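Visitor: Hi, I'm new to this one. Can you pull it up and walk me through it?

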Amino acid sequence: MECGLYPGRVWSGRQEKLAKCRNISLSCVMPKEVLMEYVMIIGALIYTLLALLLPEAIIGLTIRPIPYEVINTLDEEGNRIKTTLKDFTLMNSYIKDSDVTFSGVWLIIIGFFLPLAIIVGLTALVQPGISGDEMGIDDDIDAVLPSTSSSSVSSLLRTSKRRRRTRSNKWSDTRIACSAFLFACATTLLVTDTVKVYVGRLRPNFYSMCEFDDDSLECTADVSQQHEARKSFPSGHSSISMNGMLFVSLYIVYNSPLKSPFAKYFFFLAPVALAVFVAASRVHDNWHHPSDVLCGALIGGFSAAGCFVNFYLA
C-alpha cells in the first residue's frame with residue numbers, strides 16, 4: 001500500500017495492521033525515515049548552539065603579552081625622552097565592524113541564510129534525490145572537476161558520487177541537505193572559535209582596536225573589544241563564508257538540471273568566488289593577516305565537503 005502523504009513510500013503489512021488497530025489513517029503516519037530527518041535537523045541546531053557557546057567558556061581566551069619596547073633617547077638639547085617601539089604589523093588603522101566591506105550581518109546572510117534559500121529554491125525547481133547514475137552525476141562532476149584534479153573536494157566527490165540514494169520525495173531530500181549544511185556550519189564554528197581562543201593571535205589593527213596607551217603601556221578599550229582584538233587566527237568570516245558557498249556549489253553540481261559544462265562550471269565557481277572575496281576583504285579591512293583567511297578558508301572548505309559527503313550523499 002502506498003502512502004498518500006509521502007509519495008513513493010510503501011507501507012509494510014505490519015504497518016497496515018498496526019494503523020488499522022489504532023484507527024489511524026496511513027496517509028497521516030510519519031515514516032521513521034522522515035522522523036529521523038527532523039531529528040537530524042534539531043540535533044544540528046543544538047550542535048550549532050553549543051559550537052557558539054562552548055569554546056571560550058571551556059578553554060578561555062589566551063592573553064598574549066602586548067609587543068612593545070621602551071627605549072630612552074636624547075633630543076637635540078640633550079634631554080632624555082622615552083620612546084615606545086611597537087610591532088609595525090599590528091599598527092594598521094581600525095575600521096569598525098559596521099564600516100567594513102562585509103559586516104557581521106552580511107556574513108550571516110552569505111554564510112547561512114543564502115545557502116539555505118538556494119537549497120530550498122533549487123528543490124522547488126528540480127527533483128533531487130535520484131541516484132547519481134540516473135542523473136548522470138559522473139558527467140556533471142567531470143564537467144566541473146576534471147579527473148586530474150587533486151583537490152580534497154574532487155577526491156571526496158569521486159569516492160562517494162556513485163552511492164545511490166533514494167528519498168520518499170524531494171522535500172525529504174531538502175531536509176537531509178539542510179541538516180547536512182547545519183552540521184557543516186556547526187563544525188566550522190566549533191573549530192574556528194576553538195582555535196581562535198586557544199591561539200589568541202593579535203589582529204593587524206590591534207593597537208588601534210584595543211586603544212593602546214603609550215604612557216601607561218596598557219589597552220584602554222573595554223574588555224570585550226580588547227578580547228576581540230586577540231582573535232585574529234583563523235578568520236571567522238573566511239571559514240563561515242567558504243563553508244556556506246562551497247556547500248551550495250556542491251549541491252548545485254549534484255542536483256542541477258543544467259547540461260552545459262560551462263553553465264555548471266559558472267554556478268560552481270560563482271559562490272566560491274564570493275567566499276574568496278569575503279575572505280580577501282578581511283585583509284583589506286585590516287582585520288586579519290593573510291594566513292588567517294587562508295586557514296579559515298581551509299576549515300570551512302573541509303567542513304562543507306566532509307558534511308556534504310557523509311551526511312548528504314551517504
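Visitor: What's the torsion about the S-S bond of Cys210 and Cys219, and is that disulfide left-handed or right-handed?
Guide: Keep in mind this is a predicted model. The torsion there is about -60°, so the disulfide is left-handed.

Visitor: How far apart are the sulfur atoms?
Guide: In the Cys210 and Cys219 pair they sit 2.3 Å apart.

Visitor: And how many disulfides does a search of the whole structure find?
Guide: One disulfide turns up.

Visitor: Is Cys210 buried or exposed? And Cys219, buried or exposed?
Guide: Cys210 is at 0% relative accessibility, so it counts as buried. Cys219 counts as buried too, because its value is 14%.

Visitor: What about Cys295?
Guide: Cys295 has 22% relative accessibility, so it counts as partly exposed.

Visitor: Switching topic: where does Arg203 lie?
Guide: Look in the loop between helix H7 (170-199) and helix H8 (206-209). Arg203 counts as buried, because its relative accessibility is 2%.

Visitor: Which side chain does it share a polar contact with?
Guide: That of His288, through a polar contact of 3.3 Å. Arg203 also touches Leu90, Glu228 and Trp287, among others.

Visitor: Now pockets. How much space lies in the largest one?
Guide: About 720 Å³. There are 30 lining residues, and those closest to the centre are Leu52, Leu107, Leu189, Asp193 and Ile240.

Visitor: Which element gives the largest share of that lining?
Guide: H7, with eight residues.

Visitor: And what's the lining like by class?
Guide: It has 13 nonpolar, nine polar and eight charged residues.

Technical notes. Residues are numbered from 1 along each chain as its sequence is written. This is a predicted model: local features need pLDDT of at least 70, side-chain atom pairs count only at pLDDT 80 or more; totals for chains, interfaces and linings use all residues. Side-chain values use heavy atoms; hydrogens and water are left out. Helices (H or I, at least four residues) and strands (E, at least two) are DSSP runs, numbered from the N terminus. Buried means under 20% relative accessible area, exposed over 50%, partly exposed in between (1.4 Å probe, protein chains only). A polar contact is a pair of N or O atoms within 3.5 Å; within protein, one must be able to donate a hydrogen and the other to accept it, and residues adjacent in sequence count only if both atoms are side-chain atoms. Contact means heavy atoms within 4.5 Å. On a 1 Å grid over the protein atoms alone, a cavity is a set of points where a 1.4 Å probe fits but cannot get out, and a pocket is an open set with protein on both sides within 12 Å along at least five of seven lines; lining residues have an atom within 4 Å of a point. Grid points are joined across faces, edges and corners, and a volume is the space filled by probe spheres set on the points. Ala, Val, Leu, Ile, Met, Phe, Trp, Tyr, Cys and Pro count as nonpolar, Asp, Glu, Lys and Arg as charged, and the others, Gly among them, as polar. A disulfide is a pair of cysteine sulfur atoms within 2.5 Å. Lists of a residue's contacts leave out its neighbours within four places in sequence.
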